[in-house]
Amino acid sequence: MRGIVLAGGSGTRLHPLTQAVSKQLLPVYDKPMVYYPLSVLMLAGMRDVLLISTPVDLPLFRRLLGDGSQFGINIEYAEQPQPNGLAEAFVIGADFIGGDPVALVLGDNIFYGQGFSRVLQQSTRDLDGCTLFGYPVRDPHRYGVGEVDGNGKLVSIVEKPEHPRSNKAITGLYFYDNDVVEIARGLAPSPRGELEITDVNTTYLEQGRAHLTELGRGYAWLDTGTHDSLLEAGQFVQVLEHRQGVRIACLEEIALRMGFISADQCHALGAKLAKSAYGEYVMDVARSAGAGT
């Protein structure tokens, strides 16, 4: 499975913060926001990633992440000049996707939970059509909402319903088989001029091939689209990292744990950041895995 991080848009709800820099390059506590969605794809076992952003912001992402080889992955880049909808990612990325299944993760979404990597890898193995990830929320009318029947089967998807029939919000993480490319190409723009991801998901639902994986108690899903939610996400990460002594979305550690790089390679990455607590943590992780032995 290939992975796409969609990190475009103009981040207008975060102005003036985002007038000079992409939202997905802003810090969420101790690392750039884009580390969090990229970590999700790596935890799922994906090593081929396409990052889509605006022409202005792409050079900054290249400077930050390079070609991904330091993490044992391959990162390619593509432009989305205008925010024409999430589903446009599959049209832009058609050549990158080729004949493979693909995951899409939004660049401002943060996921956390024990065993999340196992859930992701199981979802890639069991993929049959489309797998969405639902998360219970207090205010479902603000989201796309998935409704399941008594057997847990997904029966409806409604965008920002006035009277929600479920509290399960559809998160910004989507797994699709290769049919998604042609489905996206066949979409008509919505009244707001965008190719809507809900229309893609509804197509799979009508075919009986849309499934909902619920991320319930013990998981956290955060987006960072407003000043308050950005600050809350940073505080969430800070508290967890301080309490548990681990770092969330540490790409160097994930690459090591997934077998993408060796302990010595991980230590070398940490040494480049040695003056920061983050770099010290990466070196400690590498030493505990046998670096230098």
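The largest pocket of this predicted model encloses about 1,700 Å³ of space. Its lining is built from 49 residues, among which R13, L106, D108, N109 and D223 lie closest to the pocket centre. Several elements each give two or more residues to this lining, namely the strands β10 (154-159), β11 (168-176) and β13 (219-223) together with the helices α7 (197-206) and α8 (227-244).

The second largest pocket has a volume of about 520 Å³, and of the 22 residues that line this second pocket, L43, Y112, G113, Q114 and I254 are the closest to its centre. At least two lining residues come from each of α1 (35-43), β7 (109-113), α5 (116-125) and α9 (251-257). The classes of residue in the two linings are set out below.

| Pocket | Nonpolar residues | Polar residues | Charged residues |
|---|---|---|---|
| Largest pocket | 16 nonpolar | 19 polar | 14 charged |
| Second largest pocket | twelve nonpolar | six polar | four charged |

A further feature concerns the packing of two helices. The axes of α10 (residues 263-271) and α11 (residues 277-288) come within 7 Å and cross at roughly 165°; because the angle is over 145 degrees, α10 is roughly antiparallel to α11. The crossing in which α10 passes α11 is left-handed. On the α10 side the contact is made by A263, C266, H267, G270 and A271, while α11 contributes G279, V282, M283, A286 and R287. By class, the residues of this contact between α10 and α11 comprise six nonpolar, three polar and one charged.

Technical notes. Residues are numbered from 1 along each chain as its sequence is written. This is a predicted model: local features need pLDDT of at least 70, side-chain atom pairs count only at pLDDT 80 or more; totals for chains, interfaces and linings use all residues. Side-chain values use heavy atoms; hydrogens and water are left out. On a 1 Å grid over the protein atoms alone, a cavity is a set of points where a 1.4 Å probe fits but cannot get out, and a pocket is an open set with protein on both sides within 12 Å along at least five of seven lines; lining residues have an atom within 4 Å of a point. Grid points are joined across faces, edges and corners, and a volume is the space filled by probe spheres set on the points. Helices (H or I, at least four residues) and strands (E, at least two) are DSSP runs, numbered from the N terminus. Ala, Val, Leu, Ile, Met, Phe, Trp, Tyr, Cys and Pro count as nonpolar, Asp, Glu, Lys and Arg as charged, and the others, Gly among them, as polar. Axes are lines fitted to C-alpha atoms, for helices over the stretch in contact, and angles run from 0 to 180 degrees between N-to-C directions. Angles under 35 degrees count as roughly parallel, over 145 as roughly antiparallel, 65 to 115 as roughly perpendicular and the rest as oblique. A crossing is left-handed if the near helix is turned anticlockwise from the far one by less than a right angle, and right-handed if clockwise. Contact means heavy atoms within 4.5 Å.
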